[in-house]
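I wanted a quick first look at this one, so I kept notes as I went. Here is the entry.

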Amino acid sequence: MSTPTQQQVMDALATVNDPEIKRPITELGMVDSVEVADDGSVAVHVLLTVAGCPLKDTINRDVTAAVTKVPGVASVDLTLGVMTAEQRAGLKEILSDGRAQREIPFAQPGSLTKVYAIASGKGGVGKSSVTVNLALSLAAQGLRVGVVDADIYGHSVPAMLGVADTRPTQVDDLIMPVPTPSGVSVISIGMLKPRRDQVVAWRGPMLDRALVQMLADVYWGDLDALLLDLPPGTGDVAISLGQHLPSAEVIVVTTPQEAAAEVAERAGTMASMMHQRVIGVVENMSYLPCPHCPPEDDHRLEVFGSGGGARVAQTLSERFGYDVPLLAQVPLDISLREGGDVGKPIVEADPTAPAARELTKIATTLSGRGRGLAGMQLGLTPSSKF
Ligand SMILES: Nc1ncnc2c1ncn2[C@@H]1O[C@H](COP(=O)(O)OP(=O)(O)OP(=O)(O)O)[C@@H](O)[C@H]1O
């Protein structure tokens with residue numbers, strides 16, 4: 001077999017994406033040198049963005065696999081180095097695409113990324129569970145999905161996505177979102193703290209800065225959908241988000257319980273006051289399928305009562321003068337909780353479970369609305385009453 005050319009090896013390397021940046025390593029200036037010997041042995045030197053890059057094993061594996069596939073390659077000797085400060089500055093330049101720093105790409109008029117904020121009136125109703133399962137369902141449809149965990153009280157999203165202890169890589173002041181096993185990228189307010197166990201006791205301006213940092217200083221690339229897990233209630237983060245991303249569409253999560261529904265209505269109204277459109281309500285913990293009854297009876301135990309989701313949807317529809325549908329009623333399911341605990345969300349771990357099907361239904365409804373500018377809020381202020 002003939003000796004492979006250097007171009008063939010470069011073409012193979014162009015198929016390898018940096019796992020965090022999700023662009024070919026050849027475009028990012030990461031391939032420092034390629035040498036091909038007459039006997040078909042290939043030496044490749046790849047530069048990592050930072051020393052101790054957590055994903056160097058993935059890069060090692062992907063580069064070796066891609067080059068090995070080139071006809072005539074007898075062996076691959078891959079060595080890894082680290083970019084100099086100058087090379088990193090060049091990379092940052094490539095990634096910023098000429099965009100000014102601290103500009104939120106999703107807030108630009110031509111942005112095609114759909115931004116969904118997941119809100120709730122009170123804590124513990126399943127907002128984070130809905131966020132991660134929705135993210136995975138959208139990704140399973142082939143969409144590029146990012147998740148921002150802006151829940152200062154909970155920040156449970158990274159653990160639910162299986163990357164609890166991962167810190168994001170930073171190229172100077174540009175932060176790389178953390179890739180997860182399911183293909184979605186995540187950044188969490190918890191990742192911005194020096195220590196994971198540190199309590200966030202930030203006031204409005206600090207929270208605003210953290211939110212902007214997660215939106216503007218993170219290299220998200222070209223996303224189809226960005227999901228934001230908001231803290232419960234109508235606090236500072238919701239106000240900041242409304243100011244920075246009025247085009248975000250809001251999904252309100254509630255339980256069937258009267259008390260939860262009432263505060264959920266307030267969270268929805270708050271979003272509307274910030275000129276955001278509320279696109280639907282998810283009722284979580286709707287019922288417990290009776291564990292002792294035959295499945296065909298479809299006997300349901302209404303642990304938290306009933307009707308909360310429908311009530312929020314109806315109230316918000318009347319209040320805003322447009323249809324706010326009830327998107328799903330997700331039952332209580334032990335495997336949903338377990339999936340969250342072990343970092344394997346139910347839509348992936350047990351996709352045929354009724355809870356998983358309801359969560360997938362939300363993604364189907366959302367993606368049916370299409371990518372792009374259609375359906376975006378026009379910035380008109382609806383009349384609002386608490
Ligand atoms: N349908 C469900 N069935 C069983 N367990 C659930 C269900 N929904 C959520 N849970 C569990 O309830 C707990 C709270 O859920 P989750 O963290 O998603 O709520 P949250 O509204 O985001 O809470 P917080 O505001 O405190 O972050 C988690 O342990 C989660 O696994």
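Before splitting the chain I noted that domain bounds come from an automatic or database domain assignment. On that basis the chain has domain 1 (6-96) and domain 2 (105-368). I looked up the distance between their centres, taken over C-alpha atoms, and got 36 Å. For the contact (two residues touch if their C-beta atoms, placed from the backbone, lie within 7 Å), domain 1 gives 13 residues and domain 2 gives 11. I then sorted the domain 1 side of it: seven nonpolar, one polar and five charged. Here Ala, Val, Leu, Ile, Met, Phe, Trp, Tyr, Cys and Pro count as nonpolar, Asp, Glu, Lys and Arg as charged, and the others, Gly among them, as polar.

A note on the source: this is a predicted model, where local features need pLDDT of at least 70 and side-chain atom pairs count only at pLDDT 80 or more, while totals for chains, interfaces and linings use all residues. Residues are numbered from 1 along each chain as its sequence is written.

Next, confidence. pLDDT is the predictor's confidence in each residue, from 0 to 100. The chain mean is 86, and 90% of its residues reach 70 or more. Over residues 373-386 pLDDT stays under 50, and the model has 19 contacts beyond four places in sequence for them. For the complex, I wrote down an ipTM of 0.98 and a pTM of 0.83.

Then the sheet. Helices (H or I, at least four residues) and strands (E, at least two) are DSSP runs, numbered from the N terminus, and two strands pair if DSSP finds at least two bridges between them. I found an open sheet of three strands, ordered 1-2-3, with mixed pairing. Strand 1 (31-36) and strand 3 (75-82) are at the edges with a single partner strand each, so one side of each has no neighbour in the sheet. Strand 2 (residues 41-48) pairs with strand 3 in the parallel sense, over eight bridges. One pair I checked: Leu47 has Gly81 in strand 3 as its bridge partner.

Last, the ligand. Which residues are closest to it? They are Gly126, Lys127, Ser128, Ser129 and Gly154, out of 22 that surround the ligand (near means a C-beta atom, placed from the backbone, within 6 Å). Helix 4 (127-140) and helix 10 (334-342) are the elements giving two or more residues to this shell. By class, I noted eight nonpolar, 10 polar and four charged residues around the ligand.
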